[in-house]
Amino acid sequence: MAGLKLKGVTKAFGLVKVIHGVDLEIADGEFVVLVGPSGCGKSTLLRIISGLESASSGQIFIGLDDVTTVDPAERGAAMVFQSYALYPHMTVRQNIGFGLRMAGMPKDQVSVQVEQAATMLELTDLLDRKPKALSGGQRQRVAIGRAIVRDPKLFLFDEPLSNLDAELRVQMRLEIAQLHHRMGATMVFVTHDQVEAMTLADRIVVLRDGRVEQVGTPIELYDNPANQFVAGFIGSPRMNFLGGKVDSVGPDGAVISLTDFNEVRVTVSPATADVKPGEPVQVGLRPEHIQTADPLRPVLSAEVQVVEQLGSMSCLYLARPGGGTVIVMQPGHSAAKAGSMMQVGIDPAKCLLFDLAGQRL
């Protein structure tokens, strides 16, 4: 296995630049997830790492080797695609071992490699089936097995769970996490699903428009986002952003009037007290940090629009007076009804401040 290093990697298609100077280091054995909205460049970056796309500038290192201009087959990276790309006329055994046979490996060695991968992926009983007799999750495991037998330095996953239904996605997430734990392999995983990113990654790389917005552990990005884009993208349901204005700044913090809620005031911690009185801001607050009204906390009053009963928790959508919604997460079942008025308290210690350009204050 080996680590990965990108130095100033860019990519342009004609005059259109889609990757803008990406610098990234991934340690040997680390599981890193590239996440971002559609069109942010995450799959293009993965293809550059694999060699399926060439970088316009910059360098790519796998281990100590500069592979920037090395052919894909010589880089020591194995890629698992969104499409399973299995040969329909071949059995599972033949599909997994196909690359080894094409490389000229002796049949007995191919058999040993295939059996080992099948055991690891719980495919032993399916080796003589053809792809049409497999479920979506089983087909994806075959595709992963085909990568494992190559004994690569680096595993690359390009949205491998996108074709699966919800239950299979959860199952395959668990299986990929267990596979990483067993193998200790370096893995780079691309997804647009931030839940996959949060549950799988040692570290997450958040991309937007071909630029790295923030790199960190899932909890670092959740608790301490660098900007409003990361704050809104990481977390489900997404963070609430309430319009506000700085009333005053003192030793206890910045006093913010929430313009969306009839100037309700909230005092935000001194760490964000570099703001100036009169300055407009956005107050970020996660849904779980808005709870039943507490007389010791600032109280918001709003009409309930929708109640989603999820069993272990409830998701409430409250009408914002100026338009839009505020999302509230409550444990257990909620007695709230659509159309009723509700008062909720917010936790000032959990509030994050952003300027109107979306930068963290």
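Which residue in strand 19 is the bridge partner of Val 299? The partner is Gly 345.

## Basis

This is a predicted model: local features need pLDDT of at least 70, side-chain atom pairs count only at pLDDT 80 or more, and totals for chains, interfaces and linings use all residues. Residues are numbered from 1 along each chain as its sequence is written, and side-chain values use heavy atoms, with hydrogens and water left out.

## Sheet with strands 15 to 19

Val 299 and Gly 345 belong to a longer contact. Strand 16 (residues 299-309) and strand 19 (residues 341-346) pair antiparallel over five bridges. Strands here are DSSP runs of E, at least two residues, numbered from the N terminus. Two of them pair if DSSP finds at least two bridges between them.

The sheet is open, with five strands in the order 15-19-16-17-18 and antiparallel pairing. Strand 15 (290-292) and strand 18 (325-331) are the edges, each pairing on one side only. Neighbouring strands are turned by 50° against each other on average, direction ignored. Axes are lines fitted to C-alpha atoms, and angles run from 0 to 180 degrees between N-to-C directions.

## Sheet with strands 11 to 14 and 20

Another open sheet has five strands, ordered 13-12-11-14-20, again with antiparallel pairing. Its edge strands are strand 13 (264-268) and strand 20 (352-354). Here the average turn between neighbours is 40°, direction ignored.

Strand 12 (residues 253-258) runs antiparallel to strand 13, joined by five bridges. Leu 258 stands opposite Val 264 of strand 13.

## Largest pocket

The largest pocket has a volume of about 410 Å³. A pocket is an open set of points on a 1 Å grid over the protein atoms alone, where a 1.4 Å probe fits, with protein on both sides within 12 Å along at least five of seven lines. Volume is the space filled by probe spheres set on the points, which are joined across faces, edges and corners.

The lining counts 21 residues, each with an atom within 4 Å of a point. Nearest the centre lie Ala 77, Met 79, Phe 81, Arg 146 and Arg 150. Strand 6 (77-80), helix 2 (92-102) and helix 4 (136-148) each give two or more residues. Helices are DSSP runs of H or I, at least four residues. Helix 2 gives the largest share, four residues.

## Helix 4

Helix 4 has 13 residues and reaches 19 Å from its first C-alpha to its last. That is close to the 18 Å expected at 1.5 Å a residue, counting one less than the number of residues.

Ten of the 13 residues are buried (under 20% relative accessible area, 1.4 Å probe, protein chains only), so helix 4 is largely enclosed by the rest of the structure. Among them are Gln 138, Arg 141 and Ile 148.

Note on methods:
Buried means under 20% relative accessible area, exposed over 50%, partly exposed in between (1.4 Å probe, protein chains only).
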